[in-house]
Amino acid sequence: MEMTFSGRARSALTVTPNRPTSQRNDSATAMPVLGERRPSSILPGRILLVEDNEVDVAMVRALLAESAGRSCHVTSVGRLADARAYLLSAGADCVLLDLSLPDAEGLETVEVVLATAPEVPIIVLSGLQDDRVTMAALNEGAQDYLVKGQVDGESLWRSIRYAVERKRAEVALRHQALHDPLTGLANRPLFMDRLRAAIARLARQSRPLAVLVMDLDRFKWVNDSLGHDAGDELLVATARRIERAVRPTDVVARFGGDEFVVLCEDVDDDRNALVVAERVQGALSVDFSITGTQVRVSASVGIVTSREPAAKPEELLRDADVAMYRAKELGKGGCEPFDTAMRNAVQDRLLAEQDLRRAIAEDELLVYYQPLVDLSDGHPVGAEALVRWRHASGEVVSPAQFIALAEETGLIRGIGDFVTRTACEQLARWNPVAPSGHQQPSLHVNLSARQLIDPGLVGRIARFLASAGANPAQLCLELTETAFLVDEATSLTRLKALKTLGVRLCVDDFGTGYSSLSHLTKFPIDVVKIDQSFTAGLAVRARDTAVVESVIALGQALGLVVIAEGVETQAQADLLSALGCHQAQGYLFGRPGPQANLLHVSTSDKKSA
Ligand code: C2E
Ligand code: MG
Ligand code: MG
């Protein structure tokens, strides 16, 4: 039954504000204020009246008709099923809902309308005796209620407009809570919700779903060099390109930073997900114009597909993440489907991490010492402290097998502290036995790049030195060039702070990395260690010999102590000595071992070893 009203003003007979106090307050403060000041565009034009009582239908129509200056299109239906069908086919701006219908009763009516048209406001029409149910209906999601027989045209209109405004605000708040404010894409909670629903649908359909996790490869560069506004602009532009590259039904989300996630349902097969990923990568490969600068980015994509209705959303996402990191490892702009070997690798890593954590807690680490000798006469001048892990099985594990993991997980801090503390205690024990006439021996300790960026590092080393009573000048900290590169400014500040403690600094494995002359001059370096690969090539490969020669010359020119590591033969030692290298370390003089009593051995023994 449909009718269009264009009402004229008539004075209100009775006005019964039915809204609970709290809601009235809302409408007066947080919600936009109701009333004639609102633009006419928000006037609800299409009203669906769900009422089976003909008398009530006629009354509501009459009330709507009696208001002035408003026109609306009223459709009335007497059953909930008809209301549902109407909402699905035509929609409405507001639903006036009787809670007692032939095919549904009470709250169920609100539930069905809400589920059918979640964005349409609902005003419950109730009898006086229905107070409890109407309150429950408001809690369920209805915007307002009116008591039949206590309404005039004005209050009905006001209620309708109030309900429309309130619903709008609710929808806007909900949108805000579930979307990324920068790009407008779904956020993590919404994505997880959609993923959960899509997994549930797998029970009814044979075709898999796919989750694609993508991470921009050069985003940090854009942010750092062009600024955060440019970074934001790039993220928004990326969001739009991803949306255009996928189907409208796919869910595109941003999880923060430069991580985007796509959910594709109903993919034909696993390869199909790869095609989607490549389409997205293709869309991103075209240069962006960001604040007038041409910017090229790429995305690393990890893909997981599933046909499993029992799959867990968090696990799918984690697997896609694992695949994305794998893609990144293999080179930027890559795309990797997840496979179980990846999961096993991650699990192995987690186990290894747990094992290492336990090793640190249960004192399974120990320090080996390898002698450093003066090449001019072979006398010991100190040692390098090298960590070992005595596994519960009794096996002594080499640092090559766990330092990288310790660096990735941050466990290196605990390991580094242990080695430095032990080295400081060893230094304090050595001092009384240092051979007379010789310089006090040095103890070298390796520091990882990750340790250097730790703001607490300098303070802790100072404490280890002080509490052991060790002389800082005898502690030499070894760093590879990568430690200077993480963040040059921070590295420089930290190294200068370390120097103020009085310790010495050494560049380890020189020649393997950047071998930068500027690193040796810009940073407060005292010692340079030639990497053992060059020592091995001495007098064998002309290039290696040339590198060794030039590093020695460079070190001498800069006033640095030059140490060659990996010296295994007397011929190497002789050649190094002839070239003017100051010190050496290697199996020729002693392998790393648990004893630190190397300084008791006489220099002549060493020379003849
Ligand atoms: P590095 O600092 O360059 O240490 C020298 C490595 O060369 C040691 O291996 C040593 O045993 C080995 N080496 C010494 N002489 C010879 C030789 O004549 N021939 C050969 N082939 N090898 C020789 P290690 O002890 O397995 O240590 C490996 C690396 O692990 C170290 O390289 C260092 O980068 C790292 N590392 C060891 N201990 C620590 C530590 O306490 N903290 C940190 N951050 N890293 C450590
Ligand atoms: Mg070293
Ligand atoms: Mg080295």
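How do the residues of the lining of the second largest cavity divide into nonpolar, polar and charged? In this predicted model, local features need pLDDT of at least 70, side-chain atom pairs count only at pLDDT 80 or more, and totals for chains, interfaces and linings use all residues. Residues are numbered from 1 along each chain as its sequence is written, and side-chain values use heavy atoms, without hydrogens and water.

The whole structure holds 3 cavities of 30 Å³ or more; a cavity is a set of points on a 1 Å grid over the protein atoms alone where a 1.4 Å probe fits but cannot get out. The second largest contains about 60 Å³ of space, a volume being the space filled by probe spheres set on the points. Among its lining residues, which have an atom within 4 Å of a point, are Met59, Leu125 and Lys148. This lining comprises 7 nonpolar residues, no polar ones and 1 charged, where Ala, Val, Leu, Ile, Met, Phe, Trp, Tyr, Cys and Pro count as nonpolar, Asp, Glu, Lys and Arg as charged, and the others as polar. Helix H2 (residues 54-66) provides the largest share, 3 residues; helices are DSSP runs of H or I with at least four residues, and strands are runs of E with at least two.

Ligand 1 is surrounded by 24 residues, each with a heavy atom within 4 Å. They divide into 9 nonpolar, 8 polar and 7 charged, and strand S17 gives the largest share, 4 residues. Polar contacts (N or O pairs within 3.5 Å) include a ligand nitrogen 2.8 Å from the side chain of Gln370 and a ligand oxygen 2.8 Å from a polar backbone atom of Tyr587.

Methods: Chains lettered and ligands numbered in written order. 1 Å grid on protein atoms, 1.4 Å probe; cavity = no way out; pocket = protein on both sides within 12 Å on 5 of 7 lines; lining within 4 Å. Polar contact = N/O pair within 3.5 Å; in protein donor to acceptor, adjacent residues only side chain to side chain.
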